[in-house]
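Good morning, colleagues. Please look at the sequence and the model on the screen, and I shall then speak about charged pairs and nonpolar packing.

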Amino acid sequence: MITIGIATYSYKIRRKKDKDFLNLGDLGQDISTREFFNDFLKSIKSNHSVNENDNFVLSAGIIQEDGPVIKGILYSGEYGYSADGVNINTKNISYIRTPSDAEIMPFYFLAYLPDTRDTGIIILQRHGNKGIRTVLDKELKSRFSAQFPDHVYDLNQHIPGEVLDYLEGGELKSIELISYHIPHDRIDTLKQLGFCKHTGSLSLVFKANRNEFLEKPDWLRRLIKDRRNFSEISSEFQLPEGKIKISINYLGKPRNINLDNLRQISPYIDATDDLIMSPNGHPEFENIDQYCNDLLDRLLHEMGTERHV
């Protein structure tokens, strides 16, 4: 089953030569951050944004406004190469993709951008290993810098408190260390064992027996306590490039935490088990919308504030 992840980010604006952040309603030119973001979404809904440098397409589908909240569906996909589509039932080629075709996928988004606060929250869906953050940030930054040359915005990973709750209070079921850079001597060994000609990644899994749990390793305890950088962890396991997957039993419910980048703390929530999937293989909009609105309220509570109208 494809994993549906939810990633959360903080959004702030400031003048280029100033370290102090502005309220999101003080962007200038008689426009707020929320209005700018809404105008951006409407522009890519009526006309797909095509990035010729990175070969991706970005567009908007559903756009809904609710006070400081803008939510809906973004579509994105790559182009620039050909491929055949094979029907898994008939085993026949069902379509032929050309280099000019982009297979766009839907991704849920929610942006909370209150005028009277200096911090907004952006929540983005992931689908397996595919996400929308990089594509959205590039297009948004291009429009933003053109319209507001004296301002910049910061879009940074926001770690939900529940992720740390899972790590601190949960019972550890398994840890999977995945490396995408494998030493040549290990590749040679794998080839001799007849695994494959070209090895793309190597996984090391620590898994508890049924009805039992693993003891949390020292590096995980230090991570929780001191918020250590994941590059330090990767060096301990000689994983220069890769990721860590942690499975936690929290309050009787399994939770999976994915740490995508070992160079920074960037976990996202595995929401697969909490979402209802449509027959098309994507979350039902009303279901993921409710999930992310509930998550937003929890994030705001952790920040010591509440949703503004």
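Arg133 is partly exposed, with a relative accessible area of 26%; in this usage, buried means under 20% relative accessible area, exposed over 50%, and partly exposed in between, with a 1.4 Å probe and protein chains only. The model is a predicted one, in which local features need pLDDT of at least 70 and side-chain atom pairs count only at pLDDT 80 or more, while totals for chains, interfaces and linings use all residues. Residues are numbered from 1 along each chain as its sequence is written, and side-chain values use heavy atoms, with hydrogens and water left out.

The side chain of Arg133 forms a salt bridge with that of Asp137, at 3.6 Å from N to O. The term denotes a side-chain nitrogen of Lys or Arg within 4 Å of a carboxyl oxygen of Asp or Glu. Both residues belong to helix α2, four residues apart, or about one turn of the helix; helices are DSSP runs of H or I with at least four residues, strands are runs of E with at least two, and both are numbered from the N terminus. Asp137, at 11% relative accessibility, counts as buried.

What else does Asp137 meet in a salt bridge? Its second partner is Lys141, again at 3.6 Å, N to O. Lys141 and Asp137 are also four residues apart in α2, and so about one helical turn separates them. Lys141 is partly exposed, at 39%. Arg133, Asp137 and Lys141 are thus linked in a network of salt bridges.

The count of salt bridges comes to seven. Another of them joins Asp297 and Arg307, at 2.9 Å, N to O. Asp297 lies in helix α7 (residues 285–302) and Arg307 in the segment after α7, so this pair ties together parts that are 10 residues apart in sequence. Asp297 is partly exposed at 37%, as is Arg307 at 27%.

I turn now to the nonpolar packing. The largest nonpolar core has 34 residues, and Tyr11, Ile13, Phe37, Leu41, Leu74 and Phe144 have the most contacts inside it. Such a core is a set of buried Ala, Val, Leu, Ile, Met, Phe, Trp, Tyr and Cys residues joined through side-chain atoms within 4.5 Å. Elements supplying at least two residues each include β1 (4–15), α1 (33–46) and α2 (133–147). Helix α1 gives the most, with five residues.

A second, separate core of 20 residues includes Ile4, Ile288, Leu299 and Leu300.
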